[in-house]
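Grab a pencil and work through these exercises one at a time. Try each task yourself before you read the solution.

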Amino acid sequence: MTAGVLGLAAAAGYDRLAVHRRPRVELLLLGDELLESGTPGDGRVRDALGPLLAPWLRAVGAEVVGRRAVPDDLGLLRAAVRDSAADVVITTGGTAAGPVDFLHDALDGVGARLLVDGVAVRPGHPMLLAELPPAADGRARRLVGLPGNPLAAVAGTATLAVPLLRRLGGHADAPPLRTVCAAPLPGHALDTRLLPVRYAGDGMVPLPFDGPAMLRGLACADGLAVVPPGGTDTGAAVEVLAAPGP
């Protein structure tokens, strides 16, 4: 809402406008293995999702009010989720069933209600969405749990976090982008696949380096193709989701 918009509204005779506040988001980056600087090695990996997600979320209308690392400790994670003042908490990692995947237990501990607990999509199938107890002022709070693998987290952001944040910010759903395949798009045997693709002049072509832990394909992508189980042939219609970038 800019000064120009307010002036136009006044000139047109509007005394009241329905507005939506930008949803406030806090990023919780889970895992003892994450490094924020330096070269990865010796069982440590660089945090790619903090730098990737923050500008993407701002671009879809969110106000990112915090970004912090949370070690592999159930008590610390439970406290971080419970005490967050954000409208939407977005976590990375901890959604699966490994020995230090504590997110489900933390949600149980704060009295959250799971709305989505896994999606039939690759990568990103262990993503989740939960309703948190209201804030002290009565505001509704939600949590989006993203897998820890970077491309899997991107899939969860595109399909859960972005639609949620746009709706909370009062934005209409964007119409789906449909185009054609300029080459076969490989699919998963049973689940929908989100595949980094690039426009090749007469349609979309797949990009290599498309594993759940890889970002090289995504860095060159124009979007994520929604590939049905079994894949698509050249010339088939395909829906493409927006990926972070121009």
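**Exercise 1: the largest pocket**

What is the volume of the largest pocket?

Solution. Keep in mind that you're working with a predicted model.
- Step 1: the volume of the largest pocket comes to about 590 Å³.
- Step 2: look at who sits around its centre. The lining has 37 residues, and the closest to the centre are Gly93, Gly94, Pro147, Gly148 and Asn149.
- Step 3: match the lining to the fold. Strand S3 (45-46) and helix H5 (150-168) each give at least two residues to the lining of the largest pocket.

**Exercise 2: hunting for disulfides**

Find out how many disulfides the whole structure has, and check Cys181 and Cys220.

Solution.
- Step 1: search everything. The result is 0 disulfides.
- Step 2: take Cys181. Its nearest cysteine sulfur belongs to Cys220 and is 19 Å away, and Cys181 is in no disulfide.
- Step 3: ask why. A disulfide needs two cysteine sulfur atoms within 2.5 Å, so at 19 Å the sulfurs of Cys220 and Cys181 are too far apart for a bond.
- Step 4: compare the surroundings. Cys181 is buried, at 2% relative accessible area, while Cys220 is partly exposed, at 39%.

**Exercise 3: a salt bridge across the sequence**

Work out which parts of the chain the salt bridge between Arg122 and Asp191 ties together.

Solution.
- Step 1: start with the total. The structure has 10 salt bridges.
- Step 2: recall the idea. Side chains of opposite charge can pair when their charged atoms come close.
- Step 3: check the distance. In the pair Arg122 and Asp191, N to O is 2.9 Å, and the cut-off is 4 Å.
- Step 4: place the partners. Arg122 is in strand S7, and Asp191 is in the loop between strand S10 (177-180) and strand S11 (192-199), so the bridge links parts 69 residues apart in sequence.
- Step 5: add exposure. Arg122 is partly exposed, with 31% relative accessible area, whereas Asp191 counts as buried at 12%.
- Step 6: stay with Arg122 for a moment. A cis peptide bond joins Arg122 to Pro123, with omega at about -10°. Pro123 itself lies in the loop between strand S7 (121-122) and S8.

**Exercise 4: two more bridges and a network**

Sort the partners in the bridges Asp173–Arg167 and Asp137–Arg139 into buried or exposed.

Solution.
- Step 1: Asp173 and Arg167 have their closest N and O atoms 2.7 Å apart. Asp173 is exposed at 52%, and Arg167 is exposed at 51%.
- Step 2: now the network. Arg21, Arg24, Asp87, Asp137 and Arg139 are joined by salt bridges that share partners.
- Step 3: zoom in on one bridge. Asp137 and Arg139 meet at 3.0 Å, N to O. Asp137 is exposed, with 56% relative accessible area, but Arg139 counts as buried at 18%.

**Exercise 5: positive phi**

Which phi values do Asp42 and Phe209 have, and where do these residues lie?

Solution.
- Step 1: Asp42 has a positive phi of about 55°, even though it isn't a glycine. Asp42 sits in the loop between strand S2 (34-35) and S3, and is exposed at 83%.
- Step 2: Phe209, also not a glycine, has a positive phi near 55°. Phe209 is in the loop between strand S12 (204-206) and helix H6 (216-219), and is partly exposed at 37%.

Definitions and conventions. Residues numbered from 1 in each chain as written. Predicted model: local features only at pLDDT ≥ 70, side-chain atom pairs only at ≥ 80, totals over all residues. Heavy atoms only, no water. Buried < 20%, exposed > 50% of the residue type's maximum accessible area, 1.4 Å probe, protein only. 1 Å grid on protein atoms, 1.4 Å probe; cavity = no way out; pocket = protein on both sides within 12 Å on 5 of 7 lines; lining within 4 Å. Points joined across faces, edges and corners; volume = space filled by probe spheres on them. Helix = DSSP H or I, 4+ residues; strand = E, 2+ residues; numbered from the N terminus. Salt bridge = Lys/Arg side-chain N within 4 Å of Asp/Glu carboxyl O.
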